[in-house]
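Let's take a walk through this model, starting with a sheet and ending with a pocket. Have the structure open as you read.

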Amino acid sequence: MPDLLLELFSEEIPARMQRKAAEDLKTLVTNALVDAGLPYEGAKAFATPRRLALHVAGVPAGSAATREERKGPRVGAPDKAVEGFLRGAGLASVEEASIQNDPKKGDIYVAVIEKPGRTAIDIIADFMPGILRGFPWPKSMRWGTTATRWVRPLHSIVATFGPETEEPEVIPFEFDGIKSGKSTRGHRFLADEAFDVRRFDDYATGLEKHKVVLDADRRKDMILNDAKDRALALGLELVEDPGLLEEVAGLVEWPVVLTGSFDEDFLEIPDECIQLTIRVNQKCFVLKDPKTGRLANKFVLVSNIVAGDGGKLIVAGNEKVIRARLADARFFWETDLKTRLSDNLPRLDEVKFHEKLGSVGARIKRLVALSSELAPVVGADKAKAERAAELAKADLVSNMVFEFPELQGLMGRYYASAQGEDASVALAIEEHYKPQGPSDSVPSDPVAVSVALAEKLDLLSGFWAIDEKPTGSKDPYALRRAALGVIRIVLENELRIRLGDPIRAALGPIDVPVADTDALVDNLLSFFGDRLKVHLKDEGARHDLIDAVFALEGQDDLLMVVKRVEALGNFVSSDDGANLLAGYKRAVNILKAEEKKDGAPVSGRPHADHLREQAEIDLAAAIDTARAEAASAVLEENFEGAMEALSKLRAPVDRFFEDILVNAGEPALRTNRLQLLAEIRDATHVVADFSKVAG
């Protein structure tokens, strides 16, 4: 079957836009093909700095003819209904429609719409200009005097179609004066001549001959492997950077890996500062010494040309820029060290955190108070937690963080260590922002844990107090991430914290009037519950078991919620648990039916005098025993023991339903037996709401 080849050749496309643009081109074209009745076998998109390309394999030569009968209104219907039908069917008058008899409506108008098949070339030529005009670039530009808009000036379009055994045809269309053809160009500097292409195989091969590697993933592999080889030759290791690798692969069409160096004196600067300086300013990779784990005074750069001098001039140019940038970084580092972190605190009073929540300085006071509150709960030294919270934001006004905001916290740790602060305090300054994502690590040192929890709980409480909660997909203050951070810190450190208490403590110092503190705390705890459900589902927990535990009141001890869910999961997967669940549901269904009939809930304890049959006598005794044992186990936080206590109900519940008629004719006996069913329901609710459990 024929293949389709498209190429859009332009000036340099920003690296960050290339991959998505290639996928957008693939989606738009393949959707248009399918909508036109041209299913395809496979498609792959490509991007280089100067081109987007698409290869679609196995496209039919044309679409099939179609015949459709479209039913309309009945004969004699209002004129507007008939006109709408004619317009939708593409008929000029009602005479062009036929009349058929419908068993329900009587005589109705029917339009027979026949569409002849069309060649794929004609179909593609029709839809391509519209795709290009509406292409979803994040930013586009105009140039010259035309109305053409593209990410950068567009120069040419390749569009060919045909089977392997024949000479493909050019798909004829025009996009604001640029006509499609079969000619493209090679590398801007190494092989900038035009050449014709026929189909994808000779297109990719032709580009390679003209010093263009079409596949971005292949360019990445070339860069990564060559960089590792260069590092190995120097006795060093490459510090891999996936984000930088993706970006650099989008800056070159023919990657050439070179190495350079900088003065060893700059290694006095923290490694992260060196790496970020070189990465941001020159898009270069850094190398490390495997013996020490520290950076070496070498870097790897990627050129887009094969230089006649082996790249010496290119390397020298990069070294010159990197030397200047590292000199700036060293100045920032040395200048910041001259000022103690505590001396930065008055400046934070001038930095606004949020219009309604005051300055960063005011927030620090709240963090100190909340960290002090949390310290004994998480096993941290109170004085150290207060000191870490006091200095946690002090690096925000440092020169280095002003230049590289992503180093906040980390630079605070470096400055605190250099200025003699306790090691736990310094570590907490860095880690109090953690975790910042699902793959980020969680603080484990108690001082860091206390400040990290304070940071997130203050953030959440503050924005809840000013009613700036996440809505739908919008979460500008990353409050979902903060809540998930609290959850991960609590669970991974196995902390026993009832979140309601620190939330109330966090709300106290916030200078914002809150109409109903209890309602706000409950709402925020509900938000934590939703985030915990998401977290547990991601971990593989059943959603119904999570709902069964959360249906109970006062579930703000996250660690105990998780343990309860785990125990419930093990229980319902056992034979005893599954059978008890079946008996529970049978009891609840009977109760629901009777409560609906009577218009009132079944309540009250069953009367011993009305327990006549042995099965109900045994069940009443078993319920009393199981409920007491389960409640005692729950108080001891032994949820497995609570489940084991409930499992003793299985046999008496089964026997009760086998031997006992609940809806007895005698009213007092019927009521007593219904109360016995309610006892089953209440006993299980000591552990979880079994009505939420599927099965």
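Here is the sheet, then the helices on it, then the pocket.

A quick word on ground rules: this is a predicted model, where local features need pLDDT of at least 70, side-chain atom pairs count only at pLDDT 80 or more, and totals for chains, interfaces and linings use all residues. Residues are numbered from 1 along each chain as its sequence is written, and side-chain values use heavy atoms, leaving out hydrogens and water.

Start with the open sheet: four strands in the order 15-17-18-16, with antiparallel pairing. Strand 15 (237-238) and strand 16 (256-261) are the edges, each pairing on one side only. Here strands (E, at least two residues) and helices (H or I, at least four) are DSSP runs numbered from the N terminus, and two strands pair if DSSP finds at least two bridges between them. Strand 17 (residues 285-288) and strand 18 (residues 295-303) share three bridges, and V286 sits opposite F299 in strand 18.

Now add the helices. Helix 5 (residues 216-233) packs on the sheet and touches strand 15, strand 16, strand 17 and strand 18. Helix 7 (residues 271-282) packs there too, touching strand 17 and strand 18. Touching means contact, with heavy atoms within 4.5 Å.

Which residues are the closest to the centre of the largest pocket? They are R363, K393, Y433, E455 and L459, out of 19 that line it (lining residues have an atom within 4 Å of a point on a 1 Å grid over the protein atoms alone; a pocket is an open set of points where a 1.4 Å probe fits, with protein on both sides within 12 Å along at least five of seven lines). Helix 15 (446-465) gives the largest share of that lining, four residues.

Terms used:
Axes are lines fitted to C-alpha atoms, for helices over the stretch in contact, and angles run from 0 to 180 degrees between N-to-C directions.
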